[in-house]
Amino acid sequence: MRLDRFISNLPQFNRQAARRLLASGQLRVDGAVVSDGLCEVSQFSRIELNSELLQAGKTARYFMLHKPPGVVSATAHDEHRTVLDLLDEPDKAELHLAGRLDLNTSGLLLITNDGQWSRRLTEPSSRLGKVYRVETEQPITPEYIEVFAGGLYFAYEDLTTLPAELLILSSHSALLTLHEGRYHQVKRMFGHFQNKVIGLHRLSMGAIELDPQLAPGQYRALSAAEIARC
Ligand code: URA
């Protein structure tokens, strides 16, 4: 939100008062004097009027979790344990998932309270590459490479999938890089060949790779470098 809107939304000020305060140079955002009302602030900004604290600014939190199969990618569920149940953190209600994995899929899941960051990561226009290791019931043939690179028509959504890169590792396993996240996309792509996916594991999202030190069910905070990479 813009700083002028933030100020004028406070019960003690109106738009005129907000303009005056901004011009007076009495407002600080994260310690720096700001007089431009267009300056963007968020729930993480510390906003002060002289020595009065208008907003303390929440701490932005970012985690990577090694999601095990059988745990649901949701913040609440009637039947299954959720990925949030695996986190030993305060104020879990503030957290949300930056992307999801199916119940039986394992691997990298990102969890945060920073909506702007997760939107950047997950919005379709980001074309973020997500790498999956896929195990299948039937052999994977070289023909798949071309078909996945050309895109597959999904009648239900009436769309053609973006080019995806397939690297065959062995007769029944491959690495697949997707640049979007359609419903059950990997399973449906292999389904085109009547080949059932029997194991699916996400290794990375963009430049963030699942930490190999994390056992299924474990998580850790992202480093500043990892946060900045997305
Ligand atoms: N594609 C799938 O089919 N399942 C997932 O969990 C992720 C991608």
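In the predicted model, Leu108 has a relative accessibility of 0% and therefore counts as buried. Leu108 belongs to strand S7, which spans residues 106–112. Val71 is separated from Leu108 by 37 residues along the chain, and the C-alpha atoms of the two residues lie 13 Å apart.

A second leucine, Leu210, is found in the loop that connects strand S14 (208–209) with strand S15 (219–221). With a relative accessible area of 13%, Leu210 is likewise buried, since the cut-off for this class is under 20%. The C-alpha atom of Leu210 is 7.0 Å from that of Gly107, although 103 residues separate the two in sequence. Leu22, in turn, is part of helix H2, which comprises residues 15–24. The relative accessible area of Leu22 is 5%, so this residue is buried. Between the C-alpha atoms of Leu22 and Ser35 the distance is 4.5 Å, with the two residues 13 positions apart along the chain.

The ligand sits in the largest pocket of the model. Its surroundings are formed by Leu101, Asp102, Thr105, Tyr132, His184, Gln185, Val186, Lys187 and Leu200. By residue class, this shell divides into four nonpolar, three polar and two charged residues. Helix H5, covering residues 185–191, gives the most to the shell, contributing three residues.

Polar contacts with the ligand involve backbone atoms of Gln185, Val186 and Lys187. In the case of Gln185, a backbone N or O atom lies 3.4 Å from an oxygen atom of the ligand. A polar backbone atom of Val186 is placed 3.1 Å from a nitrogen atom of the ligand. For Lys187, the separation between a polar backbone atom and an oxygen atom of the ligand is 3.2 Å. On its own the ligand has 240 Å² of accessible area, of which the protein covers 94%.

His184, one of the residues around the ligand, is located in the loop between strand S12 (173–178) and H5. The phi angle of His184 is positive, at about 50°, although the residue is not a glycine. His184 counts as partly exposed because its relative accessibility is 28%. The C-alpha atom of His184 is separated by 11 Å from that of Leu103, and the two residues are 81 positions apart along the chain. Leu103 itself lies in the loop between strand S6 (96–97) and S7. A relative accessible area of 28% makes Leu103 partly exposed.

A positive phi is also found at Gln194, where the angle is near 50° in a residue other than glycine. Gln194 is situated in the loop between H5 and strand S13 (197–205). The relative accessibility of Gln194 is 67%, and the residue therefore counts as exposed, the threshold for that class being over 50%.

Key. Residues are numbered from 1 along each chain as its sequence is written. This is a predicted model: local features need pLDDT of at least 70, side-chain atom pairs count only at pLDDT 80 or more; totals for chains, interfaces and linings use all residues. Side-chain values use heavy atoms; hydrogens and water are left out. A residue is near a molecule or strand if one of its heavy atoms lies within 4 Å of it. A polar contact is a pair of N or O atoms within 3.5 Å; within protein, one must be able to donate a hydrogen and the other to accept it, and residues adjacent in sequence count only if both atoms are side-chain atoms. Accessible areas come from the Shrake-Rupley method with a 1.4 Å probe; for residues, only the protein chains shown count as cover. On a 1 Å grid over the protein atoms alone, a cavity is a set of points where a 1.4 Å probe fits but cannot get out, and a pocket is an open set with protein on both sides within 12 Å along at least five of seven lines; lining residues have an atom within 4 Å of a point. A molecule sits in a cavity or pocket if more than half of its atoms lie within 2 Å of its grid points. Helices (H or I, at least four residues) and strands (E, at least two) are DSSP runs, numbered from the N terminus. Ala, Val, Leu, Ile, Met, Phe, Trp, Tyr, Cys and Pro count as nonpolar, Asp, Glu, Lys and Arg as charged, and the others, Gly among them, as polar. Buried means under 20% relative accessible area, exposed over 50%, partly exposed in between (1.4 Å probe, protein chains only).
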